[in-house]
Amino acid sequence: MQEARSVLFAYYYFDFQDASKRDLRGLLSSLLMQLSEYSVVCCEILYRLYTTRGDGSDQPSEAALVACLKDMLEFQAQVPIYIIVDALDECPIATGTPSPRKRVLDFMKDLVGRKHSNLHICITSRPEQDIQATLNPLTSPSCQVSLHEEIGQMEDINNYIRFFVYSDETMRRWRAEDKELVINTLSERAGGM
C-alpha cells in the first residue's frame with residue numbers, strides 16, 4: 001500500500017544504546033525522512049526546510065522540524081498516515097529540563113490534540129507512570145492494549161529466559177537447581193518485559 005502511495009507509514013524505535021535515537025530530534029528527523037521517501041508533497045515540504053537552512057549547512061531547530069511535520073500532515077490530509085513509535089520508555093527521563101521523554105510526550109500530546117482524521121498513531125512502551133499519565137487520556141480505553149499481564153507474553157518471556165539459561169556456555173556448567181532458580185526469579189520479576 002505504501003509503494004502504491006495509498007498510505008504513508010513511518011516507524012521509529014527509541015533505543016537507549018544509540019544516543020541519536022533517544023530524543024525528539026531523532027524521532028522527528030526519522031519521521032520526516034520516511035514520509036518524504038513515499039510522498040512527493042512531503043519531499044517538497046522537507047526540501048523547503050532544507051533550502052531555508054542554507055541547503056543543509058544549518059541544523060533546523062526542533063520547532064522547525066515539528067512545523068515541517070505538521071505541514072506534511074496538513075497537505076497529505078487525503079492519505080492515511082500511520083506512525084508507529086516503539087519503545088517510548090527507552091527515551092530518557094533523567095536528563096535535561098524538560099527531559100527528552102517529557103519533550104516527546106508533549107509533542108505526542110500536541111500531535112494527537114490536532115485531531116488529524118487521517119493520522120493513526122501507535123505507541124508501544126512499558127507501562128511507566130509518566131507515559132501512562134500523558135497518553136491514556138488521549139485515547140479511549142478500548143484502544144489501549146496491555147500485554148504485560150497476558151499469559152502468552154509471560155510464557156514467551158519464560159521460554160526466552162529458559163532458552164538463554166540452558167544455551168549460555170557459562171550457565172551450562174551450573175547446577176540444575178541454580179538454573180531453575182534463575183529462570184523462576186527472572187520470570188517472576190520480568191514485569192511483562
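These notebook entries record what I looked up about the two largest pockets of this predicted model.

**Entry 1: the largest pocket.** I began with the volume of the largest pocket, and I noted that about 1000 Å³ of space lies in it. I then went through its lining, which is made up of 32 residues, and I marked Ile 123, Thr 124, Leu 135, Gln 144 and Val 145 as the ones that lie nearest the centre of the pocket.

**Entry 2: where that lining comes from.** I looked up which elements supply at least two residues of the lining of the largest pocket, and I found helix H4 (100–113), strand S3 (119–123) and helix H5 (129–135). The largest share comes from S3, which I entered with 5 residues. When I sorted the lining of the largest pocket by class, I wrote down 15 nonpolar, 12 polar and 5 charged residues.

**Entry 3: the second largest pocket.** I turned next to the second largest pocket, for which I noted a volume of about 270 Å³. There I listed 13 lining residues, and those closest to the centre of this pocket are Leu 46, Leu 49, Tyr 50, Pro 60 and Leu 65. Two or more residues of this lining are given by each of helix H1 (24–37) and helix H2 (40–52), and I recorded H1 as the element that gives the most, with 4 residues. By class, I divided the lining of the second largest pocket into 7 nonpolar, 3 polar and 3 charged residues.

Notes
Residues are numbered from 1 along each chain as its sequence is written. This is a predicted model: local features need pLDDT of at least 70, side-chain atom pairs count only at pLDDT 80 or more; totals for chains, interfaces and linings use all residues. Side-chain values use heavy atoms; hydrogens and water are left out. On a 1 Å grid over the protein atoms alone, a cavity is a set of points where a 1.4 Å probe fits but cannot get out, and a pocket is an open set with protein on both sides within 12 Å along at least five of seven lines; lining residues have an atom within 4 Å of a point. Grid points are joined across faces, edges and corners, and a volume is the space filled by probe spheres set on the points. Ala, Val, Leu, Ile, Met, Phe, Trp, Tyr, Cys and Pro count as nonpolar, Asp, Glu, Lys and Arg as charged, and the others, Gly among them, as polar.
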